[in-house]
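Work through the exercises below with the sequence and the model open side by side. Each task is followed by a solution in steps.

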Amino acid sequence: AAGPEETAPANNAALKEKEQEKKPAAKKGRTLKVNVCLQYQGKQVEEQEIIAKIKAWWKDQGNMIKDLDTLDIYMKPEDGKAYFTINGDISGDIDLF
């Protein structure tokens with residue numbers, strides 16, 4: 001008669017097959033990289049520049065970047081400003097250009 005040690009590999013193999021069936025197939029191919037540039041009346045600023053300015057503002061307020069969980073940005077080029085909300089309750093603004 002087979003002992004518990006002898007039946008375990010077969011059971012493990014069956015469990016692994018079931019786990020693999022549950023997992024969605026991994027996406028293959030390239031990752032989309034997006035660059036956003038705001039142009040207004042002969043001036044321009046890239047998305048990453050805006051985010052860097054907001055992160056600098058956040059640090060200047062005595063906060064750590066790791067504590068920045070969410071960032072909502074509202075750009076108003078006619079004002080030359082980007083208004084933002086951090087973590088849902090802290091608001092501020094920076095110069096766009």
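**Exercise 1. Find how E3 and E4 pair, and place both strands in their sheet.**

Step 1. Strands E3 and E4 run antiparallel and are joined over 6 bridges; two strands pair if DSSP finds at least two bridges between them. Strands (E, at least two residues) and helices (H or I, at least four) are DSSP runs, numbered from the N terminus. The model is a predicted one, in which local features need pLDDT of at least 70, side-chain atom pairs count only at pLDDT 80 or more, and totals for chains, interfaces and linings use all residues. Residues are numbered from 1 along each chain as its sequence is written, and side-chain values use heavy atoms, with hydrogens and water left out.

Step 2. For a point of register, take Asp72, which stands opposite Thr85 in E4.

Step 3. The sheet is open, has 3 strands in the order E3-E4-E5, and its pairing is antiparallel. Strand E3 (71-76) and E5 are the edge strands; each has a single partner, so one side of each lacks a neighbour in the sheet.

**Exercise 2. State which helix packs on the sheet and which strands the helix touches.**

Step 1. Helix H2 (residues 47-60) packs on the sheet and touches E3, E4 and E5, where contact means heavy atoms within 4.5 Å.

Step 2. The direction of H2 makes about 125 degrees with that of E5. Axes are lines fitted to C-alpha atoms, for helices over the stretch in contact, and angles run from 0 to 180 degrees between N-to-C directions.

**Exercise 3. Which residues are linked with Lys81 in a network of salt bridges?**

Step 1. Apply the rule: a side-chain nitrogen of Lys or Arg within 4 Å of a carboxyl oxygen of Asp or Glu. The count comes to 3 salt bridges.

Step 2. Lys81 bridges to Asp93, with the closest N and O atoms 3.3 Å apart. This pair links distant parts of the chain, 12 residues apart: Lys81 lies in strand E4 (residues 81-86) and Asp93 in strand E5 (residues 90-95).

Step 3. Asp95 also meets Lys81 in a salt bridge, at 2.9 Å from N to O. Asp95 is in E5 and Lys81 in E4, 14 residues apart.

Step 4. The network therefore holds Lys81, Asp93 and Asp95.

**Exercise 4. Are Lys76 and Asp79 buried, partly exposed or exposed?**

Step 1. Lys76 forms a salt bridge with Asp79, the closest N and O atoms being 3.4 Å apart.

Step 2. Buried means under 20% relative accessible area, exposed over 50%, and partly exposed in between (1.4 Å probe, protein chains only).

Step 3. Lys76 has 35% and is partly exposed; Asp79, with 39%, is partly exposed.
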